[in-house]
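Work through the exercises below with the model open. Try each task before reading its solution.

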Amino acid sequence: MVLMDNASSRGYIGANPDKLKLIGDPLAGEDFGFILTPKSDLRTPFDQAIAALKADGYLDYLSSRWFFLADPAGSDAYHQLPDLKGRQIKAVTANDFPPLNFIDGKTGKAMGWEYDAIAEICRRLNCTVDWQVTSWDTMIAAVKDGQFDVGMDGITITEERAKEVDFSAPYLRSEQFMLVRADETRFSTPEQFKADPKLLIGSQAGTTNFYAAVYSVLDGDEKNPRIILFETFGASVQALITGDVDMVLMDKASSRGYIGANPDKLKLIGDPLAGEDFGFILTPKSDLRTPFDQAIGSMKQDGFLDHLSNRWFFLFDASAK
């Protein structure tokens, strides 16, 4: 018999599944910790970082990966991922869709859910990322023509878009909600909004939010004058705050960033209008599609995508300056 903690035992049992096993109840419970030089000035920063890793689920991801999925004795799901041998991937976004992609007001750096997801995908596939920026209205065409390998901007998977580009496996589920001013009392349902011809919707042309406004709220007329178009989501939200429009349709996750930046000015109302999946877009017939799908699958399995959602949708404040 050898006494050993449950976590470490998994590695040895994994290497010798026909030779070892755990029996009985635990004899004692103990905590692991890093050791530091006495009175080290690193202790407080380390403790704060560990607390952040617990809060956003990163430690849960590490446990899932190393104690349950990784096989130190042989091939596992991570070994089976394709090796892109350091290949450079041209990735493009618009930096206009917090918390998925945006410029941080405090650091001035581009960051967000999708930045971290692509970085992790390339870490698992052994590739590097060459980040580029373009506008939303040119992104799909540019990826289709091969100017970029992969594009992302909270892009929902639709049949129409799938005719132009390839989509990766879904990485996030989106539901459209009504984002309104905090003092809004005139309507709480799409039906009430539609019934008042004075009410206006702010939207961005060509987005699923636009089509939801047309077909889930109004009358199916894409030229309906009650839909006021803006170049970016941010511009439509600013128009909502200033009273130029009365409602913006937006997924709940992204709405958190705008509400966090304007907690006294914005709120979500009503039930979700539709559920949609987000996916990365790739050049048609790209050889990256299968590797990306496999990497996304592994990130779902080990909880890394849950960690990203905890970090960017619940803990990070995109309005901090």
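The exercises cover salt bridges, then the pocket and the cavity.

The model is predicted, so local features need pLDDT of at least 70 and side-chain atom pairs count only at pLDDT 80 or more, while totals for chains, interfaces and linings use all residues. Residues are numbered from 1 along each chain as its sequence is written, and side-chain values use heavy atoms, with hydrogens and water left out.

**Exercise 1. Find the partner of aspartate 47 in a salt bridge and state how far apart the two lie in helix H2.**

Step 1. Apply the cut-off: a side-chain nitrogen of Lys or Arg within 4 Å of a carboxyl oxygen of Asp or Glu. The partner is arginine 43, with the closest N and O atoms 3.9 Å apart.
Step 2. Place the pair. Both sit in helix H2, 4 residues apart, so about one helical turn separates them. Helices (H or I, at least four residues) and strands (E, at least two) are DSSP runs, numbered from the N terminus.
Step 3. Check exposure: buried means under 20% relative accessible area, exposed over 50%, partly exposed in between (1.4 Å probe, protein chains only). Arginine 43 is exposed at 57%. Aspartate 47 is partly exposed at 43%.

**Exercise 2. Is aspartate 302 buried or exposed, and which parts does its salt bridge with arginine 124 tie together?**

Step 1. Take the distance: the closest N and O atoms of aspartate 302 and arginine 124 are 2.8 Å apart.
Step 2. Locate the ends. Aspartate 302 is in the loop between helices H11 (289–301) and H12 (304–315), and arginine 124 is in helix H4 (residues 113–125), so the pair ties together parts 178 residues apart in sequence.
Step 3. Read the accessibility. Aspartate 302 is buried at 0%. Arginine 124 is buried at 10%.

**Exercise 3. Describe the largest pocket and the largest cavity.**

Step 1. Fix the terms. On a 1 Å grid over the protein atoms alone, a cavity is a set of points where a 1.4 Å probe fits but cannot get out; a pocket is an open set with protein on both sides within 12 Å along at least five of seven lines; lining residues have an atom within 4 Å of a point.
Step 2. Take the pocket. It holds about 1,600 Å³ of space. Its lining has 38 residues, with Met4, Asp5, Asn6, Ala7 and Phe32 closest to its centre.
Step 3. Take the cavity. The largest cavity has a volume of about 90 Å³. It is lined by 15 residues, with Phe97, Asp153, Gly154, Asn209 and Phe233 nearest its centre.

Terms used:
Grid points are joined across faces, edges and corners, and a volume is the space filled by probe spheres set on the points.
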